[in-house]
Structure formats: structure tokens, C-alpha cells
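Open the model in your viewer and keep the selection panel at hand. This tour goes from one helix to the whole chain, then to a single residue.

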Amino acid sequence: MAMQLVPFDDALVDRMVELAHLPWSLRAFEDTFARNGWRDGEDPEAPGVGWEEPWWLGGDELVDDRWLLLGEAPGCRRRTDDPIVVCDHPDCRTGCYVEYPFAYFTDPDDPEEWDNEFGPFHSRPDVDPEATAEDLTARYERVAGMLRARLGDPLPEGAYRHPENEGSVYRCLAWERGHSWVLLIVADDPMTYGAYDRAGIQVRPRV
């Protein structure tokens, strides 16, 4: 068993909660990314935000790099590309999200073979090679406590249905905030087609 411990703190949680108060327009989110210093760690001078891709925030590759997972860009894809438009059409909202993954967990039979197939993981300095599923749960509950301190109690279990494939989301706490959801999830990692479990704070528009 092993778990990558991606850095997070109160300021990061505050910034993720702040996203839930934004209008779901491209301009609002990209301006906030710039204000937060969330520029592409690989190319800080790149214009705009690369939606539907991991958005690298910094650190050294395979040492302590960190990133956001981004869904479809906010705004309207049906009628206009105006960056200030907020679109209420479900097709323009369901795939939108911003997520900060704060842990990746795996339990392979052969860690060396695993790294040969999926790339170096167990040798990363930010990976605890002795972590257990209970350690992942403890990290999840720590972040849950930070969100409860800011947002109160989450909705009752089952009150929110995550739009990702239900079989790929194992845990989900949900808070309503204006026109957004703030979610705390444990789910398959889309970057590796489910090779890892990831735990993250995710913000999505309400549909």
C-alpha cells in the first residue's frame, strides 16, 4: 500500500470554497486562477487556462509536483464564446468542475511492477510507502473537518448524485453553495483510468 500526500492547508481550502461563490463564466474563473497564482507550472506565461486537462501548479516533477484536475470550461458552448456569459443549459454545466486532489492511494501486489507500468510512484519523496486505507480515510476526514468548519454539515447521504460514473465514486460529501456544489470525494483517478484512488475537493455548478 502507498499514498501520495499532496500538500494542502487552510488557504487552499479557502480558495476552493471561494470558487463556489463565483458565477460560472470563463472570465470569472480564469481571473480567479490568475489572482490565486494558479498559473501553469510548466509554462507560467501561457495565456488562459487549459481546461479538460490537469493544470500543473508547481513543484518538481515526480518529487512534489501538484495540480488541479479541470473539467470542461465554464460558459456557453451552444450559442456564444463570450467569456462573461453564464449558461444555465445542462449540456454546458454538467461537465464543468475544478478539483484539487490531495491524496492518491494504491495497493498493488508488486510495487516495482506497478511503477514499471504506470510510472514512478512508490519512489516519490511525497509518497508514504507504508500508508494504509485507514490513512487515506484519516486524511479524508481531516479535510472533511476543514470543510465543515467553513460550510457546516454536508447534505444527508444520498441527497446528491455525482455525475461521474457511480461505480467510480466511492465516497462523496456534498455542500450546496449558491449556484455550486462543494464536494469531497474519493474516486477512481481519471488520469490513469482508475489505477489509483484519488481524494479531492471538487467544485461543480449546480444543474
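How far apart are the end C-alpha atoms of helix H4 (residues 133-151), and what should its 19 residues span at 1.5 Å a residue? Select H4 in this predicted model. The expected span is 27 Å, and the end C-alpha atoms lie 26 Å apart, which agrees.

Now show the side chains of H4. Leu136, Arg139, Tyr140, Val143, Ala144, Met146, Leu147 and Leu151 are buried. Look down the axis: these buried residues fall within an arc of 160°, so they line one face of the helix. An α-helix has 3.6 residues a turn, so residues three or four places apart point the same way. Turn to the face away from the buried side to find the exposed residues Glu134 and Ala149.

Next, add the cover. Strand E1 (2-5), helix H1 (10-19) and strand E4 (98-106) are among the elements over the buried residues of H4. So are strands E6 (169-177), E7 (180-188) and E8 (197-205). Then step just past H4 to Gly152, where phi is positive, about 85°.

Zoom out to the chain. It has 4 helices and 8 strands, in the order β-α-α-β-β-β-α-β-α-β-β-β from the N terminus. For 207 residues, a compact globule would have a radius of gyration near 17 Å; the chain has 17 Å, which agrees. The C-alpha trace spans about 50 × 45 × 30 Å along its principal axes. Of the residues, 46% count as buried.

Last stop: Asn36, in helix H2 (residues 26-36). Asn36 is buried, at 11% relative accessible area. Beyond its neighbours within four places in sequence, Asn36 contacts Arg15 and Glu18.

How values were computed:
Residues are numbered from 1 along each chain as its sequence is written. This is a predicted model: local features need pLDDT of at least 70, side-chain atom pairs count only at pLDDT 80 or more; totals for chains, interfaces and linings use all residues. Side-chain values use heavy atoms; hydrogens and water are left out. Helices (H or I, at least four residues) and strands (E, at least two) are DSSP runs, numbered from the N terminus. Buried means under 20% relative accessible area, exposed over 50%, partly exposed in between (1.4 Å probe, protein chains only). Contact means heavy atoms within 4.5 Å. The expected span of a helix is 1.5 Å times one less than its number of residues. The arc is that of the directions from the helix axis to the C-beta atoms. The radius of gyration is taken over C-alpha atoms; the globule rule is 2.2 Å times the number of residues to the power 0.38.
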